[in-house]
Amino acid sequence: MRNTARWAATLGLTAATVCGTLTGSALAAPAAAPTSLYAPSALVLTLGHGDRAATVDVARAVTLNCAPTPSGTHPAAALACAELRATDGDFEALAGPGGATCTKQYDPVVVTVDGVWRGKRVSFERAFANECVRNAAASSLFAF
C-alpha cells in the first residue's frame with residue numbers, strides 16, 4: 001500500500017511539473033539566445049605529492065577560465081590562457097622539459113587538468129619527478 005501511494009504521489013508531481021511548464025507563456029517564448037559567442041574554456045588544475053592523482057591528496061587547486069577573457073584563481077591566468085591558445089590546448093607540449101638543472105631526487109608531484117577547453121571535455125595528468133622538474137616545465141600553466 002505504501003509503495004502504491006508513493007508511486008501515485010510521484011506520478012502526480014511529475015504530471016503537474018510537465019503540464020505546468022506547457023501552459024502560459026512557455027509555449028510562446030522563443031529559444032534562449034546563447035550567452036556567449038565563445039566556446040567555454042574552464043579548467044580546474046590540481047597539484048598533489050605522489051605518483052598518481054588517484055592516490056594523492058590535493059595540496060593546491062586553482063581555476064582557469066579562458067573565454068571570453070582570462071580569469072580564475074590561477075596566479076597568471078592571462079599568460080596561461082595565451083600558452084594554451086598557442087598550443088591549441090596541447091597540455092603535453094606545455095609540460096615538456098625545461099632548461100633548468102634539477103637534482104635527481106625522487107619526490108613525485110602530480111598535476112591534473114580537468115574541465116572544458118574550447119567546448120570539449122579534457123582531462124590531463126602528469127607526474128613530475130620533483131618540484132624542480134615541475135617548475136622547469138616551460139609553461140606558466142603549471143606554475144601555481
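This text walks through the strands, disulfides and salt bridges of one protein chain.

The structure is a predicted model, in which local features need pLDDT of at least 70 and side-chain atom pairs count only at pLDDT 80 or more, while totals for chains, interfaces and linings use all residues. Residues are numbered from 1 along each chain as its sequence is written, and side-chain values use heavy atoms, with hydrogens and water left out.

A good place to start is strand β3, residues 109-117. Helices (H or I, at least four residues) and strands (E, at least two) are DSSP runs, numbered from the N terminus. Seven of the nine residues of β3 are buried, so this strand is largely enclosed by the rest of the structure. Here buried means under 20% relative accessible area, exposed means over 50%, and partly exposed lies in between (1.4 Å probe, protein chains only).

Strand β3 pairs with β1 and with β4; two strands pair if DSSP finds at least two bridges between them. Strand β1 (residues 42-49) runs antiparallel to β3, and eight bridges join them. One of the bridge partners is Val113 in β3, which is matched with Leu45. Strand β4 (residues 120-128) also runs antiparallel to β3, with nine bridges between the two. Here Thr112 has Glu125 in β4 as its bridge partner. β3 and β4 form a hairpin with two residues between them, and Arg118 in the turn has a positive phi of about 50 degrees.

Next come the disulfides. A disulfide is a covalent bond between the sulfur atoms of two cysteines. The search counts a pair of cysteine sulfur atoms within 2.5 Å, and it finds two disulfides in the whole structure. One joins Cys66 to Cys81, with the sulfur atoms 2.0 Å apart. Cys66 is in the loop between β2 (58-65) and α2 (77-86), and Cys81 is in helix α2, 15 residues apart. The torsion about the S-S bond of this pair is about -85 degrees, so the disulfide is left-handed. Cys66 is buried at 5% relative accessibility, and Cys81 is buried at 0%.

The other disulfide joins Cys102 to Cys132, again with an S to S distance of 2.0 Å. Cys102 lies in the loop between α3 (91-94) and β3, and Cys132 lies in helix α4 (residues 131-136), so the pair ties together parts that are 30 residues apart in sequence. Cys102 is partly exposed at 22%, and Cys132 is partly exposed at 31%.

The last topic is charge. Side chains of opposite charge can pair when their charged atoms come close. A salt bridge is a side-chain nitrogen of Lys or Arg within 4 Å of a carboxyl oxygen of Asp or Glu, and the whole structure has four of them. In one of them, Arg118, the turn residue of the hairpin, pairs with Asp88, the closest N and O atoms being 2.9 Å apart. Asp88 is in the loop between α2 and α3, 30 residues from Arg118. Arg118 is partly exposed at 39%, whereas Asp88 is exposed at 54%.

Glu92 and Arg126 meet in another salt bridge, at 3.9 Å from N to O. This pair links helix α3, which holds Glu92, to strand β4, which holds Arg126. Salt bridges that share partners also join Arg60, Glu131 and Arg134 into one network. Within it, the closest N and O atoms of Glu131 and Arg60 are 3.8 Å apart.
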